[in-house]
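Trainee: Please pick a single part of this model and take me through it closely. I would like its partners, its burial and its surroundings in one connected account.

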Amino acid sequence: MTPVESESGEVTASETLGNDHSWVSIIEIDENAISKKSASDVVETLRTAFATGRTKPLKYREGQLKGLRRFLEKCSEDIEKALYKDLRKHKMECTMCEIELVLNDLRHTIYDFKNWAKPKKPEKRLVNILDGVYIYKDPYGVVLIMGAWNYPILLSLGPVVGALAAGNAVILKPSELSPATANVMAKLLPKYLDPECFQVYLGGIEETTELLKERFDYIFFTGSTMVGKIVHQAAAKHLTPTTLELGGKSPLYLDETVNMSKATRRILWGKYLNSGQTCVAPDYLLCTKPVQEKFLQEARKVIVEFYGQDPKKSPHLSRIVTERHFRRLVKFITFENVAIGGSYDETERIISPTVLINVSADDPIMKEEIFGPILPIVNVKDAGEAIDFINSKEKPLALYIFSKKKDVQKMFLTKTSAGTVCVNETITQLTTENLPFGGVGSSGMGNYHGKYGFDTFSHHKAVLVKDYSMFTDISLSLRNPPYTPMKENMINFLVKRRRGIQFRYIQYVCVFILGMGFMRLWNSMTGDD
Ligand code: NAD
């Protein structure tokens, strides 16, 4: 169902998905569904299927990727309705930030993954001139992907794209906090993907704890830093490699050089998208007092433009995921700090876009990731102080710089560390398919998206192939005892890393290449290859 425009051209709440719940009958949702099979049975099924080698052929992988694409295309209505139920997500956000993002990753991967899967031939050194030197991309085997509730489709199926393309068998564990979307995936995905090589496992903390006792060949986790540590410890017991996509406080620096009206739109779109429940949302803003005043002036206008006079009634604001999260957030709203917003609706779990001022580094809101529609402003005297502030905290998942000054941009880029950086824009560094996405330090380890996702889920196997030619044998014999100074010199000459070939040595190189060519010809004639 598409929102219909009224005569004034505005889209009103009653015309959006909000009032239509007839869809519930399309697919029965059990809010507390847990998987009936035990964790060990699920892992065993996938391990047995993987061992047959059926996930490895590129044709099979392509079939799985196309199956996933069909699921997203054919079930988009079920997905949108589930996302509405879980988070009151607007249809446009469902398409723009969830379905289309995964579809784009899929399109890109379907076009290119056969190239990514080909053995690569790295540059060779003199010592390996006659050898085959390759990097093979092997699937790991049975991989566990744990998704998060805030973008339950994007953060569950995004990693699945890379895992399937790389030829793995996948267990997907969606978040129990977005149960409707988790159920849609559990009920409908098996119709589109090979159920012996792909399974959705439902449940909460208890079931996840059971699942984590199993041995996986790779674990990909998206969620909080705290649970990330639990997952990492469980993985360490089996020496399982992991990617951890975690969170933290992502700072935004704003200075007076920008066009404040444009900058404010970009900042507030990124902050209030999905009601701030976005891992890369700007968490807090750093600026001088005069910049703060200009920003507040614009922000008041922009919030009305985006969400109307009473944002709590806007159909474009998502719901806070649970009562627990809602209560945690409203505690941050101390009225003496409210510059904009500050109101909320407890029954609907909606918090209007809020900006807090006079916030200091010691306030509770600065001690944990906010993950809600509240933007605190911390005043600094200049970019240098902002950098010191950022560096005194854990490394963030995203860092935003709003400045036209190239030297300021460069200062932040060279003097801070963050998973991703975006200059004069928010969030969209994540949607740029040729950029890796991931954190650093406590915001995570490893990355994905497009080819980076394929590489994450592939073991890069080093392969060296020697022949039995005369030259190979002579060069290998140099390493054998008895050791002599002459052998040592020759070995050093062969293995020494060189920066290209200098012109004065060109005659020796020509003789060497001619010798090699002759040797190859001789070998092929004598069958010594
Ligand atoms: P969470 O870490 O609380 O929960 C993640 C999952 O882990 C849950 O669904 C649950 O099944 C499981 N879990 C929770 N406690 C557990 C325990 N004690 N033992 C075993 N399993 C347990 O995270 P969340 O609330 O779902 O997501 C919010 C966090 O995730 C934020 O910090 C946010 O920044 C981060 N996040 C990061 C990204 C990213 O791409 N880097 C994306 C989305 C969210």
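Mentor: What follows is a close look at one strand and what lies around it. The model is predicted, so to speak of local features we need pLDDT of at least 70, and side-chain atom pairs count only at pLDDT 80 or more, while totals for chains, interfaces and linings use all residues. Residues are numbered from 1 along each chain as its sequence is written, and side-chain values use heavy atoms, with hydrogens and water left out.

Take strand β6, residues 242-245. Strands here are DSSP runs of E with at least two residues, helices are runs of H or I with at least four, and numbering starts at the N terminus. Both faces of β6 are covered. T242 and L244 are buried on one side, T243 and E245 on the other. Buried means under 20% relative accessible area, exposed over 50%, and partly exposed in between, with a 1.4 Å probe and protein chains only.

Now the partners. Strand β5 (residues 218-222) pairs with β6 in the parallel sense, over 4 bridges. Pairing requires at least two DSSP bridges between the strands. F220 has T243 as its bridge partner in β6. Helix α8 (residues 225-237) joins β5 and β6 in a right-handed β-α-β unit. Right-handed means that, with the strands pointing away from the viewer, the path from the first strand over the helix to the second runs clockwise. Strand β16 (residues 444-445) runs antiparallel to β6, joined by 2 bridges. There, G444 stands opposite E245.

Look harder at E245. Its relative accessibility is 4%, so E245 counts as buried. Its contacts (heavy atoms within 4.5 Å) include F220, F221 and T222, and also F437, G438, S443 and Y448, leaving out residues up to four places away in sequence. S442 is 197 residues from E245 along the chain, yet their C-alpha atoms are separated by 9.6 Å.

Step back to the lead-in. T240 sits in the loop between α8 and β6. At 8% relative accessibility, T240 also counts as buried. A polar atom of the T240 side chain lies 3.0 Å from the backbone oxygen of F216. That fits a polar contact: N or O atoms within 3.5 Å, where within protein one must be able to donate a hydrogen and the other to accept it, and residues adjacent in sequence count only if both atoms are side-chain atoms. Beyond four places in sequence, T240 touches F216, D217, Y218, I219 and A235.
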